[in-house]
Amino acid sequence: MDNSFKHFILGLFLFFMNCLASAQVHTIRITVPADAGMIASHARHVLAQQITSRCNARVVEGKTADLTIELVTEKTGEPESYFISDNGAAHIRIIGGDENGLIYGAGKFLRSSRFDKGGFTPGAWRGSSVPAGKVRGMYFASHFGNFYEAAPIEEVQRYVDELALWGVNYLVVHYPEFQFTGFDDPAAQQLLERLRQILRVARSGGMKVGLLQVPNGSFKSTPKELLNVPVPDQLHRRGNFGVNLNPANPVAHQLLRKEWAALLDQFKSVGLDAIVYWPYDEGGCGCSECWPWGARGFPKLSRDLSKIAQAKYPGIKIVLSTWVFDTPGAGEWEGLSQFLQKDKGWVNYIMADSHEGFPRYPLDKGVPGGLPMLNFPEISMWGQEPWGGYGANPLTNRLQRLWNETDNKLSGGFPYSEGIFEDINKVICNQLYWNGQRSTADIVREYIAYEFSPDVVEPVAKALEIFESNHYRENITAGVNEAFQLIEQAELKLTSQVRKSWRWRIVYLRALIDREMFATKGKLEGETLKKAFSELTAIYHAEHGHSMPIHPPVIQ
């Protein structure tokens, strides 16, 4: 048999298998090995949940089903990688290089599939994928009564599962001491238990978990004589809720160590894999011994607290953030570089980013300590108040520009999330961490096909472009009418499950709100806007959220 005939037969076989894969099915069997671990079992659960919640197909037990999806691991593959193949008619294998790879492979399989009124059409994508970025993280800013702090815990846990399908492998949360009087505050204990519940489900989905904390932050009951000296802040970029301590004060320093050890102990039942130390907004001290904070007090205190963390959680990764360093210039970047030249063994990553463009120092002069660098994309707050108050806030072009600035110098990152309204931005960032050669526009199209329908990719993508062009509330243009028409027309092609989903509703409401605000010339008035803002508030569970950043506008 010559090679041309072999290729012909192979082509026919692949065509036949793709036809089988593209046939709509109504019953599905999902199998895992008998000795499957926690993550593989959870991958099966999440895969079944996603299919049955998006269409009328059923996941069944036993041997008889229209389609079998087999989840297996083969240690010969790269960690976190996956391979999707056929194993005969109506039998698909998702093979993970480890159990994490099963989660990510299940996500890719789902994103190439269709969920229609009649049933489920399995995706025809076959092949393998290996992540480039080692840290594909997410930071849930659990404060101010936002979604992570206020939504029913089941909704937050399900959201964590859905992020894992996109390749997220780290989740860090924040414990806001400034909101409480101490660990014995009932509200403090309530939030701590909530954070533990979130991190437990993250672990089930293969994520490593941790905390993002201000090293010199404390409780609002702290004696005033222990407080910091305010830092110079001509640009008003360094927040202060009034409970940052001065670590140069021996009593304050000892209290910070004591409270830090106590906080770490709150997560013994979960375990911690990472700590992100945060310098400003909240944080900082401007006394003569600590300033410049980023070059002196901050790394010194972070190193001190890291010894406690490493003793309690051996192998824990330490991330040092440089948020708003040298704004204005104070020699913080250069000073941190000199500090780490003498001692960098305690830190694993430097995290860099800013409100606008990416900081130039690590790009032009190198990362302090020669360490791997992560970013911290500002996907929530940028350019709008209240955050998410107008619905979805896709930043496709902005995130592409910021990614291009980093010039392949990143090992991943932790996007900063204040809620679910920037879900598209989360996906963009983490898919770039997985494969930095992809375009953000391509990622958005994959998102639309999966979350809404392959039939509406182009009109919805066009509407999202218009959303971004109208991101600033004072510059809304006539394009909003076209965006609303595109969204209305797309909705006609969606299943009832998608039309009711919060992801679709925040997109639809954004189109509606923009159209109304253009008509009212920016005035927040009228029954249509009132109802739209009320629905957003319910979606975010922001009824009791902080009025400025969290709660959508209120029309009396």
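**Reasoning from values to terms**

Trainee: Why does Ser142 count as buried?

Mentor: In this predicted model, Ser142 has a relative accessibility of 1%. Buried means under 20%, and therefore Ser142 counts as buried.

Trainee: Where does Ser142 lie, and which residues is Ser142 in contact with, leaving aside its neighbours within four places in sequence?

Mentor: Ser142 is found in the loop between strand 9 (135-140) and helix 4 (147-150). Beyond those sequence neighbours, its contacts are Tyr148, Glu149, Val173, His174, Pro176, Leu191 and Leu195. With His174 there is also a polar approach: a polar atom of the Ser142 side chain lies 2.6 Å from the backbone oxygen of His174.

Trainee: What makes strand 2 and strand 8 edge strands?

Mentor: The sheet is open and has six strands in the order 2-1-3-5-4-8, with mixed pairing. Strand 2 (58-59) and strand 8 (127-129) each pair on one side only, and they are the edge strands.

Trainee: How many bridges join strand 4 to strand 5?

Mentor: Five bridges join strand 4 (residues 82-86) to strand 5 (residues 91-96). Two strands pair if there are at least two bridges between them, so strands 4 and 5 count as paired. They run antiparallel, and Ser85 stands opposite Arg93 in strand 5. Helix 3 (residues 99-111) packs on this sheet, touching strand 3 (67-73), strand 4 and strand 5.

Trainee: Why do Cys290 and Cys287 not form a bond?

Mentor: Their sulfur atoms are 3.6 Å apart, and Cys287 holds the closest cysteine sulfur to that of Cys290. A disulfide requires sulfur atoms within 2.5 Å, so this distance is too far for a bond. The structure holds zero disulfides. Cys290 is nonetheless buried, because its relative accessibility is 3%.

Trainee: What makes the pair of Phe325 and Trp333 edge-to-face?

Mentor: A search of the whole structure finds 37 aromatic pairs. In the pair of Phe325 and Trp333, the ring centres are 5.6 Å apart and the planes stand at 70 degrees. Centres must lie within 6.5 Å, and planes over 60 degrees apart count as edge-to-face; the pair is therefore edge-to-face. Both residues are buried, Phe325 at 5% and Trp333 at 4%.

Trainee: Why is the pair of Trp403 and Tyr433 called tilted?

Mentor: Its planes are 55 degrees apart and its centres 6.1 Å apart. Because 55 degrees is neither under 30 nor over 60, the pair is tilted. Trp403 belongs to helix 11 (residues 396-406) and Tyr433 to helix 12 (residues 423-434), 30 residues apart.

Key:
Residues are numbered from 1 along each chain as its sequence is written. This is a predicted model: local features need pLDDT of at least 70, side-chain atom pairs count only at pLDDT 80 or more; totals for chains, interfaces and linings use all residues. Side-chain values use heavy atoms; hydrogens and water are left out. Helices (H or I, at least four residues) and strands (E, at least two) are DSSP runs, numbered from the N terminus. Buried means under 20% relative accessible area, exposed over 50%, partly exposed in between (1.4 Å probe, protein chains only). A polar contact is a pair of N or O atoms within 3.5 Å; within protein, one must be able to donate a hydrogen and the other to accept it, and residues adjacent in sequence count only if both atoms are side-chain atoms. Contact means heavy atoms within 4.5 Å. Axes are lines fitted to C-alpha atoms, for helices over the stretch in contact, and angles run from 0 to 180 degrees between N-to-C directions. Rings of Phe, Tyr and Trp (its six-membered ring) pair if their centres lie within 6.5 Å; planes under 30 degrees apart count as stacked, over 60 as edge-to-face and the rest as tilted.
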